[in-house]
Amino acid sequence: MNDDESVAVEWFPADRLPELDAHARLVIARALADDPAAWYLPAGATWDEFCAAR
């Protein structure tokens, strides 16, 4: 659920991120990529399946 208040928020340099799950790593990698195009999860795929295949 994304509607809970965040009470502990920190910023990290991209080269010193804390341990993250596969979904978070994928989203950050896409945000930092040189490709400005929008990206979507392929139809019918789940985040868990997609991240496990990478």
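Let's start with aromatic pairs. How many are there in this predicted model? The count comes to one aromatic pair. The partners are Trp39 and Trp47, and the pair is tilted. Their ring centres lie 6.0 Å apart, with 40° between the planes. That angle is why we call the pair tilted: under 30 degrees would count as stacked, and over 60 as edge-to-face.

Now, are these two tryptophans buried, exposed or partly exposed? Trp39 has a relative accessible area of 31%, so Trp39 is partly exposed. Trp47 comes out at 33%, so Trp47 is partly exposed too.

Stay with them for a moment. Trp39 and Trp47 also belong to a nonpolar patch on the surface. Val27 completes that patch. Together, Val27, Trp39 and Trp47 have about 250 Å² of accessible area. Val27 sits in helix α1. Its relative accessibility is 39%, so Val27 is partly exposed.

Next, the overall layout. The secondary structure is two helices and zero strands. Helix α1 covers 22-32, and helix α2 covers 47-53. A loop runs between α1 and α2.

Two residues in that loop deserve a look. Take Thr46. Thr46 lies in the loop between α1 and α2. What does its side chain reach? The side chain of Thr46 reaches the backbone nitrogen of Glu49, at 3.1 Å. With a relative accessible area of 35%, Thr46 is partly exposed.

Then Ala37, found in the loop between α1 and α2 as well. Ala37 has 44% relative accessibility, so Ala37 counts as partly exposed. How far is Ala37 from Val7? Along the chain, the two are 30 residues apart. In space, their C-alpha atoms are separated by 32 Å.

On to charges. Side chains of opposite charge can pair when their charged atoms come close. How many salt bridges does the structure hold? One. Asp35 and Arg30 make that contact through their side chains, at 4.0 Å from N to O. Is each partner buried, exposed or partly exposed? Asp35 has a relative accessible area of 41%, so Asp35 is partly exposed. Arg30 has 28% relative accessibility, so Arg30 is partly exposed.

Asp35 gives us another distance. Thr46 and Asp35 are 11 residues apart in sequence. Their C-alpha atoms are 23 Å apart in space.

Now zoom out to the whole chain. The protein has 54 residues, and buried residues make up 6% of them. The accessible surface is about 5,100 Å². Carbon and sulfur atoms account for 53% of that surface.

What about overall dimensions? The C-alpha trace spans about 35 × 30 × 20 Å along its principal axes. The radius of gyration is 13 Å. For a compact globule of 54 residues, we would look for a value near 10 Å.

To recap. One tilted aromatic pair, Trp39 with Trp47. One nonpolar surface patch, where Val27 joins those two tryptophans. One salt bridge, Asp35 to Arg30. And two helices, with zero strands.

Key:
Residues numbered from 1 in each chain as written. Predicted model: local features only at pLDDT ≥ 70, side-chain atom pairs only at ≥ 80, totals over all residues. Heavy atoms only, no water. Helix = DSSP H or I, 4+ residues; strand = E, 2+ residues; numbered from the N terminus. Buried < 20%, exposed > 50% of the residue type's maximum accessible area, 1.4 Å probe, protein only. Patch = residues over 30% accessible without salt bridge, like charges linked within 9 Å, V, L, I, M, F, W, Y side chains within 5 Å. Areas by Shrake-Rupley, 256 points an atom, 1.4 Å probe, with all protein chains shown as cover. Polar contact = N/O pair within 3.5 Å; in protein donor to acceptor, adjacent residues only side chain to side chain. Phe/Tyr/Trp six-rings, centres within 6.5 Å; stacked < 30°, edge-to-face > 60°. Rg over C-alpha atoms; globule rule 2.2 N^0.38 Å.
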